[in-house]
Amino acid sequence: MDASVPSLDVVRELAVAYCNGIHHSRTEIFETMCHDRFIMTAVTGSGGAQFWDKAAYLERVSGREPFPGEPSYEILGVDVAGDETARVHLWVDVPPRRFEDHLGFIRADGQWKLITKVFRTMSGPALEG
């Protein structure tokens with residue numbers, strides 16, 4: 001991305017790409033976006049947690065068909081701190097569920113990378129685990 005674009009705008013664009021990537025099952029978006037040390041954590045309906053690394057997340061995304069129609073999501077907030085870390089709070093529909101995601105980004109080697117995702121099921125069947 002162009003270095004003259006403010007980090008807040010870059011991170012917001014990454015959040016939109018993230019939602020589109022989920023909806024359209026586009027693993028190449030996450031191959032580029034996710035840091036090599038990416039970790040995803042799901043809070044389950046039973047009060048537990050499930051964890052995936054980058055490879056497991058890519059497998060998860062590639063293991064399903066794209067959803068029809070346009071993506072359904074809302075970016076609730078974007079914060080950038082010190083031009084080195086950022087947080088995005090959003091919800092995104094992954095039928096039959098709506099997830100609430102908290103995405104953590106870091107600036108590594110001059111590029112914003114998704115380092116962590118913590119999420120819960122807002123509506124629809126709870127994740128088991």
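Which residue takes a positive phi in the hairpin of S5 and S6? Asp109 does, with a phi near 50 degrees, in a hairpin that has two residues between its strands; the tour comes back to this turn after a view of the whole chain.

**Before you start**

This is a predicted model, in which local features need pLDDT of at least 70 and side-chain atom pairs count only at pLDDT 80 or more, while totals for chains, interfaces and linings use all residues. Residues are numbered from 1 along each chain as its sequence is written, and side-chain values use heavy atoms, with hydrogens and water left out.

**The whole chain**

Show the protein as a cartoon and follow it from the N terminus, where the elements run α-α-β-β-α-β-β-β-β. That comes to three helices and six strands, where helices (H or I, at least four residues) and strands (E, at least two) are DSSP runs, numbered from the N terminus. Switch to the C-alpha trace, which spans about 45 × 30 × 25 Å along its principal axes. The radius of gyration, taken over C-alpha atoms, is 14 Å, which agrees with the value near 14 Å for a compact globule of 129 residues under the rule of 2.2 Å times the number of residues to the power 0.38.

With the surface displayed, about 6,900 Å² is exposed, and carbon and sulfur atoms supply 51% of it; accessible areas come from the Shrake-Rupley method with a 1.4 Å probe, and for residues only the protein chains shown count as cover. Of the 129 residues, 42% count as buried, a word that means under 20% relative accessible area, as against over 50% for exposed and in between for partly exposed (1.4 Å probe, protein chains only).

**Strands S4, S5 and S6**

Select residues 85–94 and 97–108, which are strands S4 and S5, and you will find them paired in the antiparallel sense over ten bridges; two strands pair if DSSP finds at least two bridges between them. Within this pair, Arg87 has Gly104 in S5 as its bridge partner, and the two strands form a hairpin with two residues between them. Now add residues 111–123, strand S6, which runs antiparallel to S5 and is joined to S5 by eleven bridges.

**Ala108, beside the turn**

Return to Asp109 and its positive phi, then select Ala108, which belongs to strand S5 and stands opposite Gln111 in S6. Ala108 is buried, with a relative accessible area of 18%. Not counting residues up to four places away in sequence, Ala108 touches His35 and Lys113, where contact means heavy atoms within 4.5 Å. If you measure from the C-alpha of Ala108 to that of Val43, 65 residues apart along the chain, the separation is 27 Å.

**Lys117, in strand S6**

Is Lys117, found in strand S6, buried or exposed? Lys117 is buried, with a relative accessible area of 6%. Leaving aside neighbours within four places in sequence, the residues in contact with Lys117 include Tyr18, Ile22, Phe38, Tyr57, Asp101 and His102.

**Val61, in helix H3**

Finish at residues 54–62, helix H3, where Val61 lies. Val61 is buried, with a relative accessible area of 2%, and, neighbours within four places in sequence left aside, is in contact with Gly21, Ser25, Arg26, Thr27 and Phe30. Phe105 is 44 residues from Val61 in sequence, and their C-alpha atoms are 19 Å apart in space.
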